[in-house]
Amino acid sequence: MTRLEKVYNEKVVPELQKEYGYTSSMEIPRMTKISLNIGLGAASQNSKLIDAAVEELTAIAGQKAVVTLAKKSIAQFKLREGQPVGCRVTLRDDAMWDFYDKLVSFALPRVRDFRGIPDRGFDGRGNFTLGIKEHTIFPELDIDRVELVKGMNVTVATTAKTDKEGKTLLDLLGMPFKK
């Protein structure tokens with residue numbers, strides 16, 4: 001059991017139960033998975049970018065990244081069906097808890113002029129998506145070896161039924177939302 005998972009079981013669960021009046025322990029919102037995604041439009045011309053992105057996302061997540069392919073051809077973007085356009089990773093269980101702890105404790109505080117995360121990334125069902133402009137905020141990457149600074153999306157999927165419950169869950173788990 002990871003450090004953050006202990007915090008969830010010992011502090012967050014009773015707090016959520018008290019605030020929302022859940023009668024069953026299965027009603028209490030919890031994180032189910034975290035998805036990381038890097039999209040690279042320029043990768044259609046340069047295949048080395050995809051290899052570097054997969055290597056860097058694997059280092060960040062601690063799990064092998066998968067290359068995503070274009071579903072449709074788009075002539076204006078010089079994109080053909082089946083060409084690599086990005087990479088992604090889905091984290092569950094201990095890897096998910098470890099990554100979330102690293103994101104909240106180490107990576108987000110390293111963002112320049114950080115004043116908190118806007119809470120408009122919720123999807124209406126309690127899931128939260130966060131866009132990161134520079135993937136170099138993660139401590140696993142050697143900034144000198146990174147050729148191109150890439151953006152990435154981090155999606156936290158929860159079992160919360162509403163955005164308010166999802167925000168409360170992530171807030172109690174340490175997500176630094178703007179006040």
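# Reading the terms of a predicted fold

Modeller: Of the 179 residues in the protein chain, 40% count as buried. The structure is a predicted model, in which local features need pLDDT of at least 70 and side-chain atom pairs count only at pLDDT 80 or more, while totals for chains, interfaces and linings use all residues. Numbering starts from 1 along each chain as its sequence is written, and side-chain values use heavy atoms, with hydrogens and water left out.

Colleague: What makes a residue of α2 buried, and which residues are they?

Modeller: A residue is buried when its relative accessible area is under 20%, exposed when it is over 50%, and partly exposed in between (1.4 Å probe, protein chains only). In α2, the residues that meet the buried criterion are Leu49, Ile50, Ala53, Val54, Glu56, Leu57, Ile60 and Ala61. They pack against β1 (31–39), β2 (66–69), β3 (84–91), α3 and β5 (152–158).

Colleague: What makes a stretch a helix or a strand, and how many of each are there in the protein chain?

Modeller: Both are DSSP runs, numbered from the N terminus: a helix is H or I over at least four residues, and a strand is E over at least two. By that rule the protein chain has 4 helices and 5 strands, in the order α-β-α-β-β-α-β-β-α from the N terminus on.

Colleague: How do you know that the span of α2 agrees with the expected one?

Modeller: The expected span is 1.5 Å times one less than the number of residues. Helix α2 (residues 47–61) has 15 residues and should therefore span 21 Å; its end C-alpha atoms are 21 Å apart, which agrees. Helix α3 (residues 93–107), also of 15 residues, reaches 20 Å, close to the 21 Å expected. Gly62, with a positive phi near 80 degrees, follows α2.

Colleague: Why are β1 and β5 called paired?

Modeller: Two strands pair if DSSP finds at least two bridges between them. Between β1 and β5, which run antiparallel, there are 6 bridges, so the criterion is met. Ile34 stands opposite Val156 in β5, and Ser35 has Thr155 as its bridge partner there. On the pairing of β1 with β3, 6 antiparallel bridges likewise satisfy the rule, one partnership being that of Ile38 with Cys87 in β3.

Colleague: What makes β2 and β4 edge strands?

Modeller: The open sheet has 5 strands in the order β2-β3-β1-β5-β4, with antiparallel pairing. The strands β2 and β4 (128–132) each pair on one side only, and are the edges.

Colleague: What makes the meeting of α1 and α4 a packing, and which residues take part?

Modeller: Contact means heavy atoms within 4.5 Å. Tyr8, Val12, Glu15, Leu16, Glu19 and Tyr20 in α1 meet Lys164, Glu165, Thr168, Leu169 and Leu172 in α4. By class, that contact has 6 nonpolar, 1 polar and 4 charged residues; Ala, Val, Leu, Ile, Met, Phe, Trp, Tyr, Cys and Pro count as nonpolar, Asp, Glu, Lys and Arg as charged, and the others, Gly among them, as polar.

Colleague: How is the angle between α1 and α4 defined, and what is its value?

Modeller: Axes are lines fitted to C-alpha atoms, for helices over the stretch in contact, and angles run from 0 to 180 degrees between N-to-C directions. On this scale α1 (residues 3–20) and α4 (residues 163–172) pack at about 145 degrees, with their axes 10 Å apart. By the same kind of angle, α2 runs at about 10 degrees to β3 as it lies across β1, β2, β3 and β5.
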